[in-house]
Amino acid sequence: MRQEKPLILVVDDEESNIIVFKRPLVKAGYEVMGVSDGAAALMAVAENDIDVILMDWMMPGMSGVEATANIKVTPQGQLIPIIMVTAKADQTDIKAGLDAGADDYITKPVEMEEALARVRSALRQRLLEKGLHEANEQLRRLMELKDDFLNIASHDIRSPLASILGFADELQREDTGPLNEKQKRYLDIIVRAGKRQLKLVNDLLDLARIETGKDELHKTLVMMDSLLAETCEAMLYTAKEKEITLTRVKGCSQPLMADEGKILRVLSNLVSNAIKFTPKGGAVEVSCKAAGGECVVTVTDSGVGISAEELPKLFGKFSKLSSRPTAGEHGSGLGLSITKQIIDMHKGRIWAESAAGQGTSLHFALPLGG
Ligand SMILES: Nc1ncnc2c1ncn2[C@@H]1O[C@H](COP(=O)(O)OP(=O)(O)OP(=O)(O)O)[C@@H](O)[C@H]1O
Ligand SMILES: [Mg+2]
């Protein structure tokens, strides 16, 4: 069991020096352990929950500097403050001790009041470091739990959803027989809800993978103009449904190194937002240009805009702002945070310009070249 009182280890080859420290330390309310060489000190650190070490500098065999260096590389030892006790006030020796990992030093003959003050200060440091260490451990355990959850979520949530959508699709194609109007309507609702759920799970998993550093970029040479063309083609139907004019302006003929799939994801997030937050009959323009060694892409819409107060929250997680979709579309507020993380991974920049009721321009810039 852990002792109630702080445990101080005194390392000195002379028994009498240990006794000199022991009395005042015990009086000050500490437990004291004494050992006579570096090897015994290492053993004591491995077997006890030591809070502070007072380490003699000059010892036969393993010197204080060596013992300090050896203790500081052990998992338990690295968190224990070590106060060197030296007869010399030689600056080079003190420097060597501090470089070896000692946290402080006192000189002989020992001025006991000062020594006790230094022990108290080392104990404060020990408490802080222990607290930090425990918090770190807890965080590590939580991260593990999160990883486990992600693994379960990615498999156990996605698989049933895939069968729901797969079988719904079979029914919709009327492979299993004709459907009446009501059944078609209900199936349509099932499919749309299922797709929304799948998008949410995929977005959450993508974000978690990026945030835990598990996602890597697979960069190849890409032409931004072609990616814009591909995105606009994919979005044409959605734009048409809302009678939104979707135009594309070419302007970046230089290639850049980027993860094509991820940049397509960014473009599709930005263009789908532009369409989602623009009322029927509006306009969305996607353009790119080369400027200052960067490829700058801009997605501009004539939609509902974002107020100056809300702009700083735009790239936050789950940030659904007061600008609402204009035709009952859905979203979970993850698209732009994923977008920002992808741009950050590419060491690019992303920013927005907007005003409520005035439309919005989202820009991102990626370094040009290889
Ligand atoms: N072009 C835009 N015009 C006006 N508001 C926008 C625009 N783009 C984003 N926003 C605002 O920022 C919020 C966050 O956008 P984001 O793309 O992260 O989420 P979402 O589109 O609501 O959901 P998701 O992308 O996860 O489907 C939106 O809910 C909306 O309020
Ligand atoms: Mg979005």
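**Salt bridges, ligand shell and backbone features of the predicted model**

D12 lies in the loop between strand 1 (7-11) and helix 1 (15-27). The model described here is predicted. D12 is buried, because its relative accessible area of 2% falls under 20%. Its side chain is in contact with that of N17. The two side chains are joined by a polar contact of 3.3 Å.

A second aspartate, D49, occupies the loop between helix 2 and strand 3. D49 counts as partly exposed, with a relative accessibility of 30%. The side chain of D49 makes a polar contact of 3.0 Å with the side chain of R126. D49 also pairs with a lysine. The side chains of K130 and D49 form a salt bridge, with an N to O distance of 3.6 Å. This pair links distant parts of the chain. K130 belongs to helix 5 (residues 112-172), and D49 to the loop between helix 2 (38-47) and strand 3 (52-56). The two residues are 81 residues apart. D49 was also compared with D104. The C-alpha atoms of D49 and D104 are separated by 20 Å, and the two residues are 55 residues apart along the chain.

K130 has another acidic partner, D51. The side chains of K130 and D51 meet in a salt bridge of 4.0 Å, N to O. K130 lies in helix 5 and D51 in the loop between helix 2 and strand 3, so this salt bridge ties together parts 79 residues apart in sequence. The accessibility of the partners was then examined. K130 is partly exposed, with a relative accessible area of 22%. D51 is buried, because its relative accessible area is 4% and the cut-off for buried is under 20%. D49, at 30%, is partly exposed. Side chains of opposite charge can pair when their charged atoms come close.

The structure holds 30 salt bridges. Another of them joins the side chains of R173 and D175, at 3.1 Å from N to O. R173 is partly exposed, with a relative accessible area of 47%. D175 is partly exposed, also with a relative accessible area of 47%. Elsewhere, salt bridges that share partners form one network. The network joins K199, D203, D206, R209 and R265.

K199 appears again at the ligand. Ligand 1 is surrounded by 20 residues, and the closest are K199, N273, K276, S323 and L336. One contact to the ligand comes from a side chain. A polar side-chain atom of N273 lies 2.8 Å from an oxygen atom of ligand 1. Two further contacts come from the backbone. A backbone N or O atom of L321 lies 3.1 Å from an oxygen atom of the ligand. For S332, a backbone N or O atom lies 3.1 Å from an oxygen atom of the ligand. Taken alone, ligand 1 exposes 600 Å², and the protein buries 96% of that area. The space that ligand 1 takes is the largest pocket. At least two residues of the shell around ligand 1 come from each of helix 8 (260-276) and helix 9 (335-345). Helix 8 gives the most to this shell, with 3 residues.

Backbone geometry was considered last. Most residues other than glycine have a negative phi, and most peptide bonds are trans. The peptide bond from K108 to P109 is cis, with omega near -5 degrees. P109 is placed in the loop between strand 5 (104-107) and helix 5. Positive phi values were found at E174 and F318. Phi of E174, a residue other than glycine, is near 60 degrees. E174 sits in the loop between helix 5 and helix 6 (181-211). E174 is partly exposed, with a relative accessible area of 31%. F318 is not a glycine, yet has a positive phi of about 55 degrees. The loop between strand 10 (294-301) and helix 9 holds F318. F318 counts as partly exposed, with a relative accessibility of 48%.

Technical notes. Residues numbered from 1 in each chain as written. Chains lettered and ligands numbered in written order. Predicted model: local features only at pLDDT ≥ 70, side-chain atom pairs only at ≥ 80, totals over all residues. Heavy atoms only, no water. Helix = DSSP H or I, 4+ residues; strand = E, 2+ residues; numbered from the N terminus. Buried < 20%, exposed > 50% of the residue type's maximum accessible area, 1.4 Å probe, protein only. Near = heavy atom within 4 Å. Polar contact = N/O pair within 3.5 Å; in protein donor to acceptor, adjacent residues only side chain to side chain. Areas by Shrake-Rupley, 256 points an atom, 1.4 Å probe, with all protein chains shown as cover. 1 Å grid on protein atoms, 1.4 Å probe; cavity = no way out; pocket = protein on both sides within 12 Å on 5 of 7 lines; lining within 4 Å. Sits in = over half its atoms within 2 Å of the grid points.
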